[in-house]
Amino acid sequence: MRKKKGALVEDVPKTKEIEVPVEGIESVAELGAVVSAFAEDGEEEKKPEIPQELNLLPLRDSVVYPMLIAPLSVSRPSSIELIDESVSASNRVIGTIAQRLPQTDEPDFADIYEYGCAVIIRTLMKAPDAVRMIVQGIVRFRIVETISSKPYLRAKVELVEDPPIDPEDQEEVEALRRSIAALFDQAVRLSPQLPDELRSLTTAVQEPNVMADLVAAHMPMAVTDKQRILETLDLKARLKALLEILGKEVRVLELSSKVQHEVSAELSKSQRDYYLREQIKAIQRELGESDDPLEDLIEIREQIDRAGMTAEALKEVNREYERLRRINPGSPEYTVARTYIETMVSLPWSTSTVDNLDLAHATEILDEDHFGLEKIKKRIVEFLAVRKVKKDGAVRQPILCFYGPPGVGKTSLGKSIARAMDRKFIRISLGGMRDEAEIRGHRRTYIGALPGQVIQGLRRAESKNPVFVLDEIDKLGQDFRGDPASALLEVLDPEQNATFRDHYLDTPFDLSHVMFVTTANRMDTIPPPLRDRMEVIELGGYTEEEKLEIAKRHLVPKQIFEHGLSQERLVFKDDALGFLIRHYTREAGVRNLEREIASVIRRATLLFAEGRKAKFQVTKRFVQTALGSPRYLHDPVTERKLVPGMAIGLAWTPVGGDVLFIEAVKYPGKGLTVTGQLGDVMKESVSAAMSYLRANAKDLKISDEEFDKHEVHVHVPEGSTPKDGPSAGITMLTALASRFTGVRIKPRLAMTGEVTLTGQVLPIGGVKEKVLAAHRAGVIELILPEENKKDYFEEVPEGIRGHLTAHFVSRASQVLRISLDR
C-alpha cells in the first residue's frame, strides 16, 4: 500500500498496476486512455473465471455492460463492506446491477432488476468518504436464487452469453449496425455533452454486440432504456431497440439545435439593431445635432420591446410605429399614432401579482373587514383552495355578483377580497352608463378616442390579474349610443374574455386572469343573458345583533378616528348602540346607522372642543340629546289596530324587506276595486283570491248573496310607493276571507306566498329579507310556503328564528285555518 496524492491506492491481486486517480477522470477522452491501457493488459490475461455465487453491488442511475470500463464510487456502508470482503478474499469479480428506484438507500432484491453484469475490479482507491474504483464488464448474468441480503446482497447467478448470429440474419444485423453507427455519429455531432472522440467508436468496434453495448453505455438515456438493452439477449432485437431509442434521441437533439439556432439568430438581430442605434446617437453627438423626435422614437422603440405584448398586439404596434416614423411631428396624425402606441405599451400584457394562497390569512383578512357574510367568505376561500391544489394549467377566475340591499357591504367586500389575495383593486361604477363605448372603447377614427373603462382600469392597476369591481350593474341604461349591458356579455364570459377586443386597441387582450365582481340591488333589471354569466350570491339584510357587532367593530372606531378622537377618550356603551339601532334606524344595511353614529360623535366632539378633558361615555340619554326623540317608538304591527278585513303581508324591496298592511272592505253594490298603486301581477293576485273564495264559499260558510250584493274594495296603504309581485297572494286571500266571515286574523301574524285558483301555495323569493322585516316590525308568527322551509332554516339566523313561530303550508285552506282567530 502506498500514498498517491493524498489517497490510498490498493494493489488488487493478479492485476497489472495502473495508478489512476478516479476523481481526475473528467472526460471520455481521458477514460479512453485508461480503456486502452486495460485493453493491452487484457490481451496478456485470460478471461477471469466467474463464480456461480456473486456479491451484488446495486447501482444508482447506472448500468454497466460487458467490455465497458467504468469508474464507480461507492459510499454506502454495505457496499463498502462488500468491496472490502471481495478484495480481501482475492475475489475481484463482483456483480453490478441497477436499482429500480435510485432514491432507495438500502435496496433489497425487490428493489433491483433481474439482469446485471459481472465485472472485474481493476483499480481500487479509498477516500475518507467513499471507495472509488475502475471496473471492467465481463458478461451478463441473471439472478436465479437469492442467498442473503445482509450485510450485502448475494445470489446465485446464471451467466448469459451472446448467442451466435444466424447466417440468414447476418445481412440484416449488418444493416442495423450501420444504421446505429450513422445515428450515433449524428448524435455525437449534435450533442454538446458527447465529445467528438466518440465518433471513432463505431469504426473501431466492428462486432455488433459489443458496439451496441458501448453505444448504449455512452448515450444519455434513461436507466429503464439502458436496462432494456442489457436484458435483450437476441442480438437483432437488441439492435432494433437501440435503433429506436437512438432515433428518438437524435430527433430531440435536432429540434433543440434548431431552437438554439433561432434564439441565437434573434439575439444577433437584436444586438445588431442596438449597435446601429447607438452609432446613430454617436454620429448625432459628433455633428452637434439634437433631433428630439428621433430620440423619442428610440425611447418608444425600447418601451415596445420591454412591454411583453402578444404576437398579434406587437404586430399592430410595429405597424403603427413604422407609420409614426414617416409622419411629420407637426401633423395631428403624429399625436394620434403616438398616443395609441403609448397606451399599448402601458398596458400590463405580462405583468401580474402573485396570489397569496394562505387560506388562514385570507380568512383572517375577510373576518377583520366584515362581520358575517359567511357564504361569500367561504366562496373566496374555496377559490383559493383550488388555486393552491391545481398546480398545472390556468384556473378559471370566478365572476361573482353580490346581490342585496344597499349598505350591506357589497363594494367594500370586493376591496377585502383583493387585500386577502394580495391583488390590485379597481372599481368602476356602471350606474347611469348608457354608451357602449364606455365598455368597448372608441374607434381611433374619432378625435379624442380612448379605450373603454375595462382597459383603462387595467392600465391604472398595472396588473393583468386585479380584482375588478363593476358597481351597480343593475343600473345600466341604453339609448341610441348602444347597450352597455350587451357589451359586458363578452367581458363577463370566461369562454370569450381571453380574446376581448377593445375598439381602440383593435387587438385581443386577455381578461381571463381578472377576477370580476359585480354588485346589484335587484336582479330583474339585469338582462337574462348577462345574469346567466355570473355566479349570484345574495347578501341579506342584517339583524339587530349583527348591526350591533358591526357598529362595535367597524363603524364606531371609524367615526371616532374621522372626528379626531381616540377610543380612550370616547366610549360607546352597548345599550346606547342597541337603543340607537332599534329606535333611530329601520333599514337592511348599516349606511344610515353610520350616519346616526357620526351625528352622536359630532355632538361629543363639541364637548371636547369646548374644553372637556375627562373620558366620555355615550349613553342612551346622550343619544336622545344628540338625535332628538326616537323616530320609531312602537313596532308597526302593534301600532295598527287589526279589524276584520285587514291582514299583514311581507314584501321584498331593493332596499330590504318590508311589511304590507292589506285592507279589504265590502259595501252594497257589485264589482271589485283595487287601489294602492299596484302592478298587474298584484291585481291578478286579488282576482285569483276572490275567485278562490267564491269557488269555496260553502266550505267557508259564506253565502253567495254576499258576493252578489256587495262590491269589494282592496287597498294597500302607502299608495305613493309602487308595488307588484305574486307573493302577496295568500295575504290578499286572508284579508278577503276575514272581511266576508267577519273574523279577525291572529294578532302579530304575517304571511307571504303565491296562491293559485285551485288553492295551492307556491314558493316565493327573498325569504331572509322578509323574515328580518317581520321581526323588526314586531311579528311573532309567520306563514310561509312549504317549499321555502329550507330557505328559512338555511338563511335566517338562529337567533331570529328563536323569536318566531313559523308555519309552512301548501294549501290555501291551511292558511285560513291558521290565520283566522276563530
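The exercises below, each with a worked solution, concern a predicted model.

**Exercise 1.** Determine which strands stand at the edges of the open sheet of 5 strands, and why one side of each is left without a neighbour.

*Solution.* Begin with the strand order, which is β10-β11-β14-β9-β15 with parallel pairing. Next, consider the two ends of this order: β10 (425-429) and β15 (535-538) each have a single partner strand, so one side of each lacks a neighbour in the sheet. From one strand to the next, the twist averages 20°. Then turn to the pairing of β15 with β9 (residues 400-403), which is parallel and extends over 4 bridges, and in which Phe 402 has Ile 537 of β15 as its bridge partner. Finally, place helix α15 (residues 453-461), which lies across β10 and β11 (467-471) and runs at about 150° to β10.

**Exercise 2.** For the salt bridge between Arg 238 and Asp 162, decide whether Arg 238 is buried or exposed, and do likewise for Asp 162.

*Solution.* First locate the contact, in which the two side chains meet at 2.9 Å, N to O. Arg 238 belongs to helix α7 and Asp 162 to the loop between β8 (153-160) and α3 (170-190), the two being 76 residues apart. Now apply the cut-off for burial, under 20% relative accessible area: Arg 238, at 0%, counts as buried, whereas Asp 162, at 31%, is partly exposed.

**Exercise 3.** Establish how Asp 355 and Arg 423 are classed by accessibility.

*Solution.* The closest N and O atoms of this salt bridge are 2.8 Å apart. With relative accessibility of 9%, Asp 355 counts as buried, and Arg 423, at 8%, is likewise buried.

Conventions. Residues are numbered from 1 along each chain as its sequence is written. This is a predicted model: local features need pLDDT of at least 70, side-chain atom pairs count only at pLDDT 80 or more; totals for chains, interfaces and linings use all residues. Side-chain values use heavy atoms; hydrogens and water are left out. Two strands pair if DSSP finds at least two bridges between them. Axes are lines fitted to C-alpha atoms, for helices over the stretch in contact, and angles run from 0 to 180 degrees between N-to-C directions. Contact means heavy atoms within 4.5 Å. A salt bridge is a side-chain nitrogen of Lys or Arg within 4 Å of a carboxyl oxygen of Asp or Glu. Buried means under 20% relative accessible area, exposed over 50%, partly exposed in between (1.4 Å probe, protein chains only).
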